[in-house]
Amino acid sequence: MMKKKVLLLLSLLLPWLLAPAMFALAVAAVRAWNTDSLITALVFVVLPLAAWIAAQRSCCKDAIQEPVFAPSFVAAIIATTCGTYVAILRPAISAGLEVAFGSAALTLILTFWRMIVSDPGQLQVTHSKLKQAQIRDPDSGTKSSSYITSSGHVTVARTIPCQTGKSLTGVRDVEISDGGCLPTSIQPQFPDRDNEGFHNNDSSIVDETLPPERSQFCRQCNAWIDHFDHHCPAVMNCVGRKNHVLFLGMLLAFIVAEFLFVRCCYIYLAAEKLFSLPDYTIPIIGLEELDQAWHVACQVFGQEPWVASTMTFAGLQVFWQILLLVFHIYCAAINLTTNEWIKWEKYSALYIEIPPKPSRPLGGKKFVNPYDQGITWNLLQFFRSRV
């Protein structure tokens with residue numbers, strides 16, 4: 001118990017040291033390069049990296065794997081960015097841009113927190129079971145809806161008629177053996193199983209205890225999620241029907257805040273006249289524009305390594321976050337979740353079987369999207385059902 005508390009505390013505090021340490025390491029590397037000092041490079045660059053690698057492989061390994069590590073690291077990055085603006089950039093920024101960046105940063109903090117505590121659409125499944133399956137009784141040739149509990153029991157929830165016309169009666173528990181398998185007389189057949197849970201697409205199973213169609217069980221959250229999209233480690237929460245729009249809003253807030261931060265860094269560096277090159281610079285690449293860009297980058301990183309490194313980091317974040325936002329809008333436009341788009345071959349509703357042919361003796365699967373009702377209707381349904 002004590003070890004778990006120490007790991008939790010370490011996973012909360014370590015990111016707040018790691019985030020500024022990344023940029024401090026860049027500053028130390030630049031200083032060592034400018035001074036041609038081997039001792040500076042050894043003490044402030046090589047030794048910290050070696051210490052981090054050693055700690056990561058020993059005491060910090062479990063802390064990094066804790067769920068709270070990722071959101072704590074994101075919060076530390078936000079705090080470091082805001083601290084850089086207040087401590088360094090603010091004197092060179094106009095009042096209008098300061099208001100814009102402050103508003104964007106406040107919106108980002110609020111949406112980030114709301115995303116952490118939001119309900120993604122957790123479903124209340126009767127019997128408080130973890131996984132849904134179908135149990136086939138070989139004696140009667142019937143199937144019955146069932147749930148596998150965390151204690152290692154399979155509970156038959158209700159009777160489902162099969163093609164034979166027979167049915168199972170009553171409710172019973174079957175204990176799973178030590179090897180984690182059911183007795184041979186009752187074997188579970190999991191419909192559309194993947195690493196996250198089960199995708200309930202069987203319209204013939206109608207029962208209030210079963211999660212609705214397109215729901216998914218998340219092992220990290222230990223809950224069924226309506227319209228499960230993905231589990232986001234950065235907010236330690238799932239993205240589902242109830243918070244998908246909020247997730248897109250958080251992405252947009254990240255993009256706007258980081259773009260404005262890059263703009264503030266650019267204005268600060270321009271005020272320091274770091275984008276102007278002396279007339280005697282010697283071309284070393286050949287292309288004039290590329291050569292000038294190289295000299296400007298060296299000059300900026302050489303004189304303002306902290307601002308340059310935070311600016312570069314924010315710019316890279318904007319790049320992949322824009323791609324992620326576009327991808328989610330695309331999925332909303334075709335009425336699919338990220339989980340369905342990536343793992344469509346695991347869900348029987350999203351493909352049709354291709355019969356074997358001489359050119360393809362094993363057959364195959366062809367993707368189909370039964371949920372697509374047109375871009376306009378899909379987007380309207382997405383925003384209406386998730387607000």
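**Close-up 1. Helix 4 and helix 6 cross with left-handed geometry.** The model shown is predicted. Helix 4 covers residues 69–89 and helix 6 covers residues 244–271; their axes lie 11 Å apart and make an angle of about 30 degrees. Angles under 35 degrees count as roughly parallel, and the two helices are therefore described as roughly parallel to each other.

**Close-up 2. Side of helix 4 that meets helix 6.** Helix 4 contributes V74, I78, T81, T84, Y85, I88 and L89 to the contact. From helix 6, the residues that meet them are F254, F261, C264, C265 and Y268. By class, the residues of this contact comprise ten nonpolar and two polar, with no charged residue.

**Close-up 3. Open sheet of three strands, in the order 1-8-7.** The pairing in this sheet is antiparallel. Strand 1 (122–123) and strand 7 (216–218) are the edge strands, each pairing on one side only. Between strand 7 and strand 8 (residues 223–225), the antiparallel pairing runs over three bridges. One residue pair in view is F217 with W224, its bridge partner in strand 8.

**Close-up 4. Surroundings of H231 in strand 9.** Strand 9 spans residues 230–232. H231 has a relative accessibility of 19% and so counts as buried, the cut-off being under 20%. With neighbours within four places in sequence left aside, the residues in contact with H231 are C218, Q220, C221, M236, N237 and C238.

Key: Residues numbered from 1 in each chain as written. Predicted model: local features only at pLDDT ≥ 70, side-chain atom pairs only at ≥ 80, totals over all residues. Heavy atoms only, no water. Axes fitted to C-alpha atoms, helices over the stretch in contact; angles between N-to-C directions. Helix = DSSP H or I, 4+ residues; strand = E, 2+ residues; numbered from the N terminus. Parallel < 35°, antiparallel > 145°, perpendicular 65-115°, else oblique. Left-handed = near helix turned anticlockwise from the far one by under 90°. Contact = heavy atoms within 4.5 Å. Nonpolar A, V, L, I, M, F, W, Y, C, P; charged D, E, K, R; others polar. Pairing = 2+ DSSP bridges. Buried < 20%, exposed > 50% of the residue type's maximum accessible area, 1.4 Å probe, protein only.
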